[in-house]
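Subject: The structure we talked about

Hi there,

Here is the structure I promised to pass on to you. Have a look around it first, and then read on for what turned up.

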Amino acid sequence: MKVFYPDNTAIFKKLRKKYPVFTYENYQWEINNEDNSLYIAFDFNISSKYHFRPRYHIPLKQWSLAGIEESLLNNIVFHIGLVEMISYWKATCSPTIVIKPHKINLDQRKWWRDLFLHGLGEFFYVNGLEIKDNPPFSFSIDSAAKSMPRGFLLHNTDGFLIPIGGGKDSLTSLILLQHYPINKIAFAINPGKPILDSVEIAGLGNQFFEVKRFLDPLLLELNQKGFLNGHTPFSALLAFVSVLAAIITGQSNIVLSNESSANESTIPGTQINHQYSKSYEFESSFRKYLSQFVLSDIQYFSLLRPLNELQIASLFATKPALHGVFRSCNVGSKTNIWCCNCSKCLFTFIMLAPFLKPNELISIFGEDLFEKESLIPILDQLTGFAPEKPFECIGTINEVNSALGHLVDSMGAENLPKLLRYYHQKTAGIRFSSLNDQLKYWDSQHNLQPYLEEMLRTTLMEINGQKPK
């Protein structure tokens, strides 16, 4: 299935000419003692024509800002504004971005240009924009911008702040760390029911740091009027907000749940990756930026980075209590369902299929996705028989083929459901990496501390029936 995207080059050029300047005017934060909350707001505008004021509401609960330097809060809130502005800049792709609150040096400007380039790779692609080596803007620092304070040391406790998304990956991290004797705090932005249920099951209901993020509705109005729209690097926003959460809660480790599979490009042969801000490249780049320009004693890393999606599915399959709680379907996220018609649903179904019985899968999803012929075009995308993968947070083509090949071999050609029969016919004579090889995988590119690496290796060996050495 070839996906055809519109060519919005003419709209892109028109908007850039009409709205040449995007301005990051200011940020504000204040503590409301009446409801014990931190409130944050940002001021952006497009050529003084359209003004945006996105907001954050952060209930402080048992935590406090006492003892945290005001200049450190200014630093991290300013940075959240830098990444927040991407969602608004993309409406017009204005050729000049004016930064008024603080100065950013040449190294910082390069880092942010790289984030725009790679984090908006999908946005440029689906809008038909030929953006290759450089993002289409330049920074201009206002003459009145203040120097940005940095060089902080917090000496936080050696605890874990664990971002929760409601899917199987972050739940797997909770499983792995559940009995680890160290303080753990769950964290989420705008949590829905799957996240809230996951936190409760993990026993972290009283250790949950919640951030409420509010987009400016004007952005949605502009989208409806034909301004440019598309995917932005949400996990980059999550990265900076998680640093604020770690500062407030006093944790020194931000423990993500991004796997090695997130490194694979969505469009083969290019650097366009829907999951760029979940990749090892971004993780390592962010760690360096954080240490240089924000603070140096918070560790940002993914616990699952050495693993692939099949290994994560094998771990998750051992915890049936979580099978009715997790949701990975973006289409059904608002109503807390699996839509059973999208690439995320089919991919998750395929990953779990080697490790769960058919009736257990149907209990999770509500139906047998392998019997839905309507999903064949999506299957072609997931298996590499289409020119591009779906723009979703999914695993690699190789992982999908390993899972499907294993299922075909284990079921036998005469007993295959419709999608597997189609797959068997299409791949006759083709051999892929075995499931067993996938379960022994280990990616050496990670930022795990030695004690966590040892714990993860031991758990994998136990799941695979091997005795740790």
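For a chain of 469 residues, a compact globule would have a radius of gyration near 23 Å, and this chain agrees because its own value is 23 Å. Please keep in mind that this is a predicted model. Along the principal axes, the C-alpha trace spans about 75 × 55 × 40 Å. The chain holds 17 helices and 11 strands.

How much of the chain is buried? Of its 469 residues, 58% count as buried. The accessible surface comes to about 19700 Å², and carbon and sulfur atoms make up 50% of that area. If you look at contacts with a separation of 6 or more, 74% of them are between residues 24 or more positions apart.

**Two buried residues**

A good place to begin is Val-255, which you will find in strand E10. With a relative accessible area of 1%, Val-255 is buried, because buried means under 20%. Which residues does Val-255 contact, leaving aside its neighbours within four places in sequence? They are Phe-160, Leu-161, Ile-162, Pro-163, Leu-177, Phe-301 and Leu-303. For a sense of distance, His-155 is 100 residues from Val-255 in sequence, and their C-alpha atoms are 17 Å apart in space.

One of those contacts, Leu-303, sits in the loop between strand E11 (299-302) and helix H10. Leu-303 is buried too, with a relative accessible area of 0%. Not counting residues up to four places away in sequence, Leu-303 touches Val-255 and Leu-256, and also Ser-173, Leu-176 and Leu-177. Its list of contacts goes on with Leu-448, Leu-452, Met-455 and Leu-456. Ser-242 is 61 residues from Leu-303 along the chain, and their C-alpha atoms are separated by 15 Å.

**Charges and salt bridges**

Now for the charged side chains. There are 44 positive and 44 negative ones, and the centres of the two sets lie 5 Å apart. Side chains of opposite charge can pair when their charged atoms come close. How many salt bridges does a search of the whole structure find? It finds 13, and here are some of them.

Lys-100 pairs with Glu-25, with 3.2 Å between the closest N and O atoms. This pair links distant parts of the chain, 75 residues apart: Glu-25 is in strand E1 (residues 21-32), while Lys-100 is in the loop between strand E5 (96-99) and helix H3 (106-119). Lys-100 is partly exposed at 29% relative accessibility, and Glu-25 is partly exposed as well, with a relative accessible area of 29%.

Asp-114 and Lys-110 form another salt bridge, where the closest N and O atoms are 3.1 Å apart. Both belong to helix H3, and because they are 4 residues apart, about one helical turn separates them. Asp-114 counts as partly exposed at 28%, whereas Lys-110 counts as exposed at 52%.

Then there is Lys-389, which forms a salt bridge with Glu-264, the closest N and O atoms being 2.8 Å apart. Lys-389 lies in the loop between helix H13 (376-383) and helix H14 (397-411), and Glu-264 in the loop between strand E10 (251-256) and helix H9 (280-293), so this salt bridge ties together parts 125 residues apart in sequence. Is Lys-389 buried or exposed? Lys-389 is buried, with a relative accessible area of 4%. Its partner Glu-264 is partly exposed, at 25%.

Salt bridges can also join up: Lys-168, Asp-169 and Glu-309 are linked in a network of them.

**Two backbone angles to look at**

Most residues other than glycine have a negative phi. Ser-47 has a positive one, near 50 degrees. Ser-47 is in the loop between strand E2 (37-46) and strand E3 (50-52), and at 26% relative accessibility it counts as partly exposed. Asn-336 also has a positive phi, near 60 degrees. You will find Asn-336 in the loop between helix H10 (309-316) and helix H11 (343-352).

Happy exploring, and do write back with any questions!

Best wishes

How values were computed. Residues are numbered from 1 along each chain as its sequence is written. This is a predicted model: local features need pLDDT of at least 70, side-chain atom pairs count only at pLDDT 80 or more; totals for chains, interfaces and linings use all residues. Side-chain values use heavy atoms; hydrogens and water are left out. A salt bridge is a side-chain nitrogen of Lys or Arg within 4 Å of a carboxyl oxygen of Asp or Glu. Helices (H or I, at least four residues) and strands (E, at least two) are DSSP runs, numbered from the N terminus. Buried means under 20% relative accessible area, exposed over 50%, partly exposed in between (1.4 Å probe, protein chains only). The radius of gyration is taken over C-alpha atoms; the globule rule is 2.2 Å times the number of residues to the power 0.38. Contact means heavy atoms within 4.5 Å. Accessible areas come from the Shrake-Rupley method with a 1.4 Å probe; for residues, only the protein chains shown count as cover. Lys and Arg count as positive and Asp and Glu as negative; His and the chain ends are not counted. The place of a charge is taken as NZ of Lys, CZ of Arg, CG of Asp or CD of Glu.
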